[in-house]
Amino acid sequence: EMAEPIAQLLRLLKTGEPEARCAAAICLGRLRPVEARVVRALTKATEAADGATRPYMLDALAATKAPEVIDVVLPFLEMRGSPSDQAVKIIWKLGKKALPKIAERHLDVRGWRTGAYLKAVAGIPAKEAVRMVFERLPYLGWEEARATSLFLRENYANYPASVRNYLTAEL
């Protein structure tokens, strides 16, 4: 008897060769409606992935747009290099719904845990994100403050008029 396609993909995700695991992840990430078992499997696969397969697993998990994605993605903002860059782009796609979790991770920090957090928040075209960036400005060193202004200027054209007006009023 033939196993259902999702079960086959889940098995491949868990036990296949690296290329097959990546292909299974991509397929699973695009399925609709999103099933809890798929999100759980992609979360485990992302956390267990090596450097070569991690980008595919992370993209597939992000494609589900499940709320759990934020918790899995945020630690990647504390890594160096491409995992961090990829996480920033995922946070941009998630938008302002990522902000409460980012704020939660910064309860004990006055500035930013990493520059990637700053870049991620500054790239969210929402007043709440810009406000979060401004609230942290007094606690930043000169280099971080300079980076903040660069990120805000870089993203200015992407902000809706309400956010640009808010920025102009605050500055």
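**Note on the predicted model: salt bridges, an aromatic pair and surface features**

1. E128 and K96 form a salt bridge in which the closest N and O atoms are 3.6 Å apart. Because E128 belongs to helix α9 and K96 to the loop between α6 and α7, this contact ties together parts that are 32 residues apart in sequence. E128 is partly exposed, with a relative accessible area of 36%, and K96 is likewise partly exposed, at 48%. The model under discussion is a predicted one.

2. On the overall architecture, the protein contains 11 helices and 0 strands. Read from the N terminus, the order of elements is accordingly α-α-α-α-α-α-α-α-α-α-α. The C-alpha trace spans about 65 × 30 × 25 Å along its principal axes. Of the 171 residues, 44% count as buried.

3. The search of the whole structure for salt bridges returns 6. One of them joins the side chains of D71 and K101, with an N to O distance of 3.3 Å. Since D71 sits in helix α5 (residues 69-73) and K101 in helix α7, the pair ties together parts that are 30 residues apart in sequence. D71 counts as partly exposed at 41% relative accessibility; K101 is also partly exposed, with a relative accessible area of 28%.

4. Helix α7 takes part in a further contact, between the side chains of R105 and E78, which meet in a salt bridge at 3.3 Å, N to O. This pair links distant parts of the chain, with R105 in helix α7 and E78 in the loop between α5 and α6, 27 residues apart. R105 is partly exposed at a relative accessible area of 29%, and E78 is partly exposed at 38%.

5. Not every charged contact should be read as an isolated pair: E4, E35 and R37 are linked in a network of salt bridges.

6. The structure holds 1 aromatic pair. The ring centres of F134 and Y166 lie 6.4 Å apart and the ring planes stand at 65 degrees, so the arrangement is edge-to-face; the angle qualifies because the cut-off for that class is over 60 degrees. F134 lies in helix α9 (residues 127-136) and Y166 in helix α11 (residues 161-170), so the pair ties together parts that are 32 residues apart in sequence. Both F134 and Y166 are buried. Helix α9 therefore carries F134 of this pair as well as E128 of the salt bridge with K96.

7. Turning to the surface, R32, K65, K93 and K97 gather in a patch of positive charge. Among them, K93 is found in helix α6 (residues 82-94). K93 is exposed, with a relative accessible area of 74%; the label applies because exposed means over 50%.

8. A nonpolar residue also deserves comment. L107 lies in the loop between α7 (99-105) and α8 (115-122). Its relative accessibility is 73%, so L107 counts as exposed. The C-alpha atoms of L107 and A66 are separated by 24 Å, the two residues being 41 apart along the chain.

9. Which helix holds both K101 and R105? For K101, the salt bridge with D71 places the residue in helix α7, and R105, the partner of E78, is in helix α7 too. Helix α7 is thus tied to helix α5 through K101 and D71, while R105 links helix α7 to the loop between α5 and α6.

Key: Residues are numbered from 1 along each chain as its sequence is written. This is a predicted model: local features need pLDDT of at least 70, side-chain atom pairs count only at pLDDT 80 or more; totals for chains, interfaces and linings use all residues. Side-chain values use heavy atoms; hydrogens and water are left out. Patches are made of residues with over 30% relative accessible area and no salt bridge: like charges are joined within 9 Å, nonpolar side chains (Val, Leu, Ile, Met, Phe, Trp, Tyr) within 5 Å. Accessible areas come from the Shrake-Rupley method with a 1.4 Å probe; for residues, only the protein chains shown count as cover. A salt bridge is a side-chain nitrogen of Lys or Arg within 4 Å of a carboxyl oxygen of Asp or Glu. Lys and Arg count as positive and Asp and Glu as negative; His and the chain ends are not counted. The place of a charge is taken as NZ of Lys, CZ of Arg, CG of Asp or CD of Glu. Helices (H or I, at least four residues) and strands (E, at least two) are DSSP runs, numbered from the N terminus. Buried means under 20% relative accessible area, exposed over 50%, partly exposed in between (1.4 Å probe, protein chains only). Rings of Phe, Tyr and Trp (its six-membered ring) pair if their centres lie within 6.5 Å; planes under 30 degrees apart count as stacked, over 60 as edge-to-face and the rest as tilted.
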